[in-house]
Amino acid sequence: MAPAPSSTTSAITLNINGEKHHLSVDHRTTLLDALRERLDLTGTKKGCDQGQCGACTVLVDRRRVVSCLNLAVAAEGREITTIEGVADGDELHPVQQAFLDLDGYQCGYCTPGQICSAIAVIEEHAAGWPSAATDDVAAQAPPPLTPEEIRERMSGNLCRCGAYVSIVQAVSRGAQAHEEARTAAAEEAAA
Ligand code: FES
Ligand code: FES
């Protein structure tokens, strides 16, 4: 039975991949440890545990965060997506499929974080957010998602196997699929 809330613990509800999870946590518990140790969602990986490698990246309200630097109590009421929640049933997310098709991994340890990060990167780029590699940050249209843009935007996710060439290709392919889906949805809405 979960311990009663005290001055050092809180009863919280985390909304993860569309499911509510009730748990009592020490206030110092990171979101990463809550996911892995308390909820058995071990797809999210612990690498450095210091915010430096990106292995623990998840989406909170559709934006990427390193879950080792976020407290579980601060994630209450937010929409959390982990690698376990990005597919649509048996159908892989286009970014997952691209990583698979293009060998965007070797040992796979960094891959859940890479994929979560890539999903958010593609949305950030489509929304017109510039990066440090963007030539014209004042331009209204999103910059082309060049390899340089992808490398800069994904630079918080390290891969110790060095699978970067394939990762860049997979993110590019995922972005294409995202754009095609957006165009198809716009055409359907206009028909
Ligand atoms: S484990 Fe969180 S950034 Fe490395
Ligand atoms: S695939 Fe092994 S760490 Fe990236």
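**Exercise 1. Find the residue in strand E2 that stands opposite Ala 11, then describe how strands E1 and E2 go together.**

*Solution.* Ala 11 stands opposite Ser 24 in E2. Keep in mind as you click around that this is a predicted model.

Step 1: get the direction. E1 (residues 9-16) and E2 (residues 19-26) pair in the antiparallel sense, and eight bridges link them.

Step 2: check another pair. Asn 15 has Lys 20 in E2 as its bridge partner.

Step 3: look at the link. The two strands make a hairpin with two residues between them, and Asn 17 in that turn has a positive phi of about 50 degrees.

What holds paired strands together? Strands of a sheet pair through backbone hydrogen bonds, either parallel or antiparallel.

**Exercise 2. Work out the strand order of the sheet and say which strands sit at its edges.**

*Solution.* Let's walk through the pairings that are left.

Step 1: go from E1 to E5. These two run parallel and are joined by two bridges. In this pairing, Ile 16 has Ile 80 in E5 as its partner.

Step 2: go from E5 to E3. Here the strands run antiparallel, again with two bridges, and Leu 59 is partnered by Thr 81 in E5.

Step 3: go from E3 to E4. Four bridges join this antiparallel pair, with Val 60 opposite Arg 63 in E4. E3 and E4 form a hairpin with two residues between them, and Asp 61 in the turn takes a positive phi of about 50 degrees.

Step 4: put it all in a row. You get an open sheet of five strands in the order E2-E1-E5-E3-E4, with mixed pairing. The edge strands are E2 and E4 (63-66), each of which pairs on one side only. From one strand to the next, the twist averages 40 degrees.

**Exercise 3. Sort the residues of E3 by the way they point, and find which elements pack on the sheet.**

*Solution.* Step 1: recall the rule. In a regular strand the side chains alternate between the two faces of the sheet.

Step 2: apply it. Thr 57 and Leu 59 point one way from E3, Val 58 and Val 60 point the other way, and all of them are buried.

Step 3: look for helix H3. It packs on the sheet, where it touches E3 and E4, and its direction makes about 45 degrees with that of E3.

Step 4: look for helix H1 (residues 31-38). Its buried residues are Leu 31, Leu 32, Ala 34 and Leu 35, and these pack against E1, E3 (57-60) and E5 (79-81). How can residues in a helix share a side? An α-helix has 3.6 residues a turn, so residues three or four places apart point the same way.

Step 5: follow the chain onward. Just after H1, Asp 40 has a positive phi of about 60 degrees.

**Exercise 4. Describe how helix H2 packs against helices H3 and H5.**

*Solution.* Step 1: take H2 (residues 94-101) with H3 (residues 111-126). They pack at an angle of about 130 degrees, and their axes are 9 Å apart. H2 and H3 are therefore oblique to each other, and their crossing is right-handed.

Step 2: list who meets whom. From H2 come Val 95, Gln 96 and Phe 99; from H3, the residues they meet include Ile 115, Ala 118 and Ile 122. The contact of H2 with H3 has six nonpolar, three polar and no charged residues.

Step 3: now do H2 with H5 (residues 164-190). The angle is about 140 degrees and the axes are 8 Å apart, with H2 passing H5 in a right-handed crossing. H2 residues including Pro 94, Ala 98 and Asp 101 meet H5 residues, among them Ile 167, Ala 170 and Arg 173. This contact of H2 with H5 has eight nonpolar, one polar and two charged residues.

**Exercise 5. Is Val 95 buried or exposed?**

*Solution.* Step 1: place it. Val 95 belongs to helix H2.

Step 2: compare with the cut-off. Residues under 20% relative accessible area are buried. Val 95 has 1% relative accessibility, so it counts as buried.

Step 3: see what surrounds it. Setting aside neighbours within four places in sequence, Val 95 is in contact with Ile 115, Ala 118, Ile 119, Ile 122 and Gly 174.

Step 4: pick out a partner along the chain. Val 95 and Ala 170 are 75 residues apart in the chain, while their C-alpha atoms are separated by 6.9 Å.

Technical notes:
Residues numbered from 1 in each chain as written. Chains lettered and ligands numbered in written order. Predicted model: local features only at pLDDT ≥ 70, side-chain atom pairs only at ≥ 80, totals over all residues. Heavy atoms only, no water. Buried < 20%, exposed > 50% of the residue type's maximum accessible area, 1.4 Å probe, protein only. Contact = heavy atoms within 4.5 Å. Axes fitted to C-alpha atoms, helices over the stretch in contact; angles between N-to-C directions. Parallel < 35°, antiparallel > 145°, perpendicular 65-115°, else oblique. Left-handed = near helix turned anticlockwise from the far one by under 90°. Nonpolar A, V, L, I, M, F, W, Y, C, P; charged D, E, K, R; others polar. Pairing = 2+ DSSP bridges.
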